[in-house]
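This report looks at one helix and its surroundings. The model comes first, then the details.

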Amino acid sequence: RLVTFHILPVGVDLRRIREQQGATQAAVAAKAGLNATYLSKIEREQVDPRTSTVADIARALGHEVLIVPRELVPTIRSLTERAGESPVPLISIDPD
């Protein structure tokens with residue numbers, strides 16, 4: 001059985017995190033091993049990057065990409081809120 005997943009866009013969240021940190025696209029792109037133009041396209045949702053590329057950008061921003069069972073999302077969100085962290089963008093992967 002083939003399962004197709006729809007991954008919600010992440011570019012806007014990556015841009016928000018980058019801007020909150022005061023980092024430039026050029027700096028983050030260099031740290032992630034990407035071209036700044038490509039990062040710009042990701043942030044503007046003009047391209048659909050590979051999961052590994054999203055992980056590279058997240059790591060360049062001091063974040064990590066995790067895939068967790070849907071039923072754990074409320075628990076993870078609750079833990080980050082209790083720790084006083086700003087809301088963590090949780091990307092939902094929903095089977096079609």
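## Helix 2: two sides

In this predicted model, the buried residues of helix 2 are Val28, Ala29 and Ala32. Buried means under 20% relative accessible area, exposed over 50%, partly exposed in between (1.4 Å probe, protein chains only). Helices are DSSP runs of H or I, at least four residues, numbered from the N terminus. The three buried residues cover an arc of only 100° around the axis, so they sit on the same side of helix 2. That arc is taken from the directions from the helix axis to the C-beta atoms.

On the other side of helix 2, Ala30 and Lys31 are exposed. Just after helix 2, Gly33 has a positive phi of about 75°.

## What covers the buried side

The cover over the buried residues of helix 2 includes helix 1, helix 3 and helix 4. Contact means heavy atoms within 4.5 Å. Leaving out residues up to four places away in sequence, Val28 touches Arg18, Ala23, Leu39, Ile57, Ala60 and Leu61.

## Helix 2 against helix 3

The axes of helix 2 and helix 3 come within 8 Å and cross at roughly 105°. Axes are lines fitted to C-alpha atoms over the stretch in contact, with angles from 0 to 180 degrees between N-to-C directions. The two helices are therefore roughly perpendicular, a label for 65 to 115 degrees.

From helix 2, Gln25, Ala26, Val28 and Ala29 meet Ala36, Leu39, Ser40 and Glu43 of helix 3.

## Basis

Residues are numbered from 1 along each chain as its sequence is written. Local features need pLDDT of at least 70, side-chain atom pairs count only at pLDDT 80 or more, totals for chains, interfaces and linings use all residues, and side-chain values use heavy atoms, without hydrogens and water.

How values were computed
Parallel < 35°, antiparallel > 145°, perpendicular 65-115°, else oblique.
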